[in-house]
Amino acid sequence: MGKLQNDSRVDLVLKEVLQMDAQVDSSAADVAALKADFNALLAKLKAVGLMK
């Protein structure tokens, strides 16, 4: 977990909101594959509401 999740001053509900499923490490061998991995990360951030 990140620093905010370990901080006792942060509300428990907020800690849950700040978490999302882990993104797998990129194994891209070229720019096109790296772009696909990055777009997958952006999609995941948007799906959990951390990005519009």
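Here is a short chat about a predicted model of one chain.

Biologist: How far can we lean on the model, and what average pLDDT does the chain have?

Modeller: It's a predicted model, so local features need pLDDT of at least 70, side-chain atom pairs count only at pLDDT 80 or more, and totals for chains, interfaces and linings use all residues. Residues are numbered from 1 along each chain as its sequence is written, and side-chain values use heavy atoms, with hydrogens and water left out. pLDDT is the predictor's confidence in each residue, from 0 to 100. Here 71% of the residues score at least 70, and the chain average is 81.

Biologist: Which pattern does the chain follow along the sequence?

Modeller: Helices (H or I, at least four residues) and strands (E, at least two) are DSSP runs, numbered from the N terminus. This chain has three helices and zero strands. Read in order, that gives α-α-α.

Biologist: Which element has the highest mean pLDDT?

Modeller: At the low end sits helix α1 (residues 3-6), with a mean of 61. At the top, with 94, is α3.

Biologist: What length does α3 reach from its first C-alpha to its last?

Modeller: The expected span of a helix is 1.5 Å times one less than its number of residues. Helix α3 covers residues 31-47, which is 17 residues, and 24 Å is expected. The model comes close to that, reaching 24 Å.

Biologist: Is Ser27 buried or exposed?

Modeller: Ser27 sits in the loop between α2 (12-17) and α3. Buried means under 20% relative accessible area, exposed over 50%, and partly exposed in between (1.4 Å probe, protein chains only). Because its relative accessible area is 68%, Ser27 counts as exposed.

Biologist: Which residue's backbone nitrogen lies 2.8 Å from a polar atom of the Asp30 side chain?

Modeller: Asp30 is also in the loop between α2 and α3, and at 46% relative accessibility it's partly exposed. A polar atom of its side chain lies 2.8 Å from the backbone nitrogen of Ala33.

Biologist: Just after α3, which residue takes a positive phi?

Modeller: Look just past the end of α3. The phi there is about 85°, and the residue is Gly49.

Key. A polar contact is a pair of N or O atoms within 3.5 Å; within protein, one must be able to donate a hydrogen and the other to accept it, and residues adjacent in sequence count only if both atoms are side-chain atoms.
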